[in-house]
Amino acid sequence: MWVPLFTKACGRCFDLLPRVPQPVTLVSLSFAEHHVTTTFKRNPLEQAMRTPNVNLTSNYLMNQYWIIVSQKTPAFLYDLCLRLAGQKPRMMRIVNRLHKNMTLLEYFANRSWVWRSDNLSTLLAKLSPEDAKIFNFDIHQLNWPEYIENYCMGTKMYLLNEDMSGLPAARNHLKKLRNIRYVYNTVLIVVIWRIFIARSQMARNVWYFVVSLCYKFLSYFRASSTIRR
């Protein structure tokens, strides 16, 4: 299985983390997601267009939803700002090219692949202790958090040619992107509210029921706290 990490086109880089051959211990996807996101939050990219985030899903509809909400809509808004500023739009073209390239890998990305490593294990078992120390290729000894961090930092330094001296400015840029994300999510929630709740009596009834239930729970909790005192 392949894990897309980040996209080079907009200051991030979509690379691939290869699956480790069987029968060695595999790294869980959630583990890899956590360390990739954490690394790029500590050491953000200088020209990032979005806050670092990795979402994996096997649901096709959910995947299409996140593509529209998290990729195509922001790219469209960014291009709109570029047009208003008199510049040539480019983000939608980049996103479409990215998805076209990912489609070529869809057959391999949506299936599980197993490579046997019997010969490798046999060779490792036949090595003398001295040779095993010199020619160490035992994947069980790999420090996965360190490996993933080095992988991400190598992307930043050698693929995107970013210097570590630019970290303070990159971190300030990341704070701005985080604020933009909060505003975007707030606007998205308001739009969803207007479309799916404000125009539907059934949706309003469900919403009012949930709000009243939460209010009753808080009232009960407050009353219980007062009685205990």
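A residue counts as exposed when its relative accessible area is over 50%, as buried when that area is under 20%, and as partly exposed in between. By this cut-off Arg116, at 68% relative accessibility, is exposed. The structure described here is a predicted model, and every value below was computed from it.

## Overall make-up

The protein chain contains nine helices and two strands, and from the N terminus on the order of these elements is β-β-α-α-α-α-α-α-α-α-α. Of the 229 residues in the chain, 24% are buried. Among the contacts with a separation of 6 or more, 64% are between residues 24 or more positions apart. The accessible surface of the protein chain is about 16800 Å², and carbon and sulfur atoms account for 62% of that surface.

## Salt bridges

A search of the whole structure finds three salt bridges, which are set out in the table with the separation of their N and O atoms.

| Basic residue | Acidic residue | N to O distance |
|---|---|---|
| Arg42 | Glu149 | 3.2 Å |
| Arg116 | Asp118 | 3.0 Å |
| Lys156 | Glu162 | 2.8 Å |

Arg42 and Glu149 form a salt bridge, with 3.2 Å between the closest N and O atoms. Because Arg42 lies in helix H1 (residues 29-42) and Glu149 in helix H7 (residues 144-159), this pair ties together parts that are 107 residues apart in sequence. Arg42 has a relative accessible area of 38% and is therefore partly exposed, and Glu149, at 30% relative accessibility, is also classed as partly exposed.

In the pair formed by Arg116 and Asp118, Arg116 is exposed at 68% relative accessibility, whereas Asp118 is partly exposed at 40%. In the pair formed by Lys156 and Glu162, both Lys156 and Glu162 are buried.

## Helix H7 and its contact with H1

Helix H7 has 16 residues, which at 1.5 Å a residue should span 22 Å, and the end C-alpha atoms of H7 are 21 Å apart, in agreement with that expectation. The buried residues in H7 are Trp144, Ile148, Tyr151, Cys152, Met153, Thr155 and Lys156. Just after H7, Asn161 takes a positive phi of about 55°.

On the side of H1, Thr39 lies within the helix and is buried, with a relative accessibility of 2%. Leaving aside residues up to four places away in sequence, Thr39 touches Glu149, Cys152 and Met153. Glu149 is thus a contact of Thr39 and also the salt-bridge partner of Arg42.

## The nonpolar core

In soluble globular proteins, nonpolar side chains tend to be buried together. Here the largest nonpolar core has 10 residues, namely Ala32, Val36, Phe40, Leu45, Ala48, Val54, Ile148, Cys152, Leu160 and Leu177. H1 and H7 are the elements that give two or more residues to this core, and H1 gives the most, with three residues.

Pro52 lies in the loop between H1 and H2 and is buried, with a relative accessible area of 17%. Not counting residues up to four places away in sequence, Pro52 touches Thr37, Phe40, Lys41 and Leu174, and of these Phe40 is one of the core residues. Pro52 and Leu177 are 125 residues apart in sequence, but their C-alpha atoms are 9.8 Å apart in space.

## Helix H8 and the surface patch

Helix H8 (residues 167-197) has 31 residues and should span 45 Å at 1.5 Å a residue, and the distance of 43 Å between its end C-alpha atoms agrees with this. The buried residues of H8 are Leu167, Ala170, Leu174, Leu177, Tyr184 and Ile197. Leu174 is a contact of Pro52, and Leu177 belongs to the largest nonpolar core.

H8 also takes part in a nonpolar patch on the surface. The patch is formed by Met62, Tyr65, Trp66, Val183, Val187, Val191, Ile192, Ile195 and Phe196, which together have about 810 Å² of accessible area. Helix H2 (60-84) and H8 are the elements that give two or more residues to the patch, and H8 gives the most, with six residues. One of the patch residues, Ile192, is found in H8 and is partly exposed at 33% relative accessibility. An α-helix has 3.6 residues a turn, so residues three or four places apart point the same way.

Note on methods
Residues numbered from 1 in each chain as written. Predicted model: local features only at pLDDT ≥ 70, side-chain atom pairs only at ≥ 80, totals over all residues. Heavy atoms only, no water. Salt bridge = Lys/Arg side-chain N within 4 Å of Asp/Glu carboxyl O. Helix = DSSP H or I, 4+ residues; strand = E, 2+ residues; numbered from the N terminus. Buried < 20%, exposed > 50% of the residue type's maximum accessible area, 1.4 Å probe, protein only. Expected span 1.5 Å × (residues − 1). Core = buried A, V, L, I, M, F, W, Y, C linked by side-chain atoms within 4.5 Å. Contact = heavy atoms within 4.5 Å. Areas by Shrake-Rupley, 256 points an atom, 1.4 Å probe, with all protein chains shown as cover. Patch = residues over 30% accessible without salt bridge, like charges linked within 9 Å, V, L, I, M, F, W, Y side chains within 5 Å.
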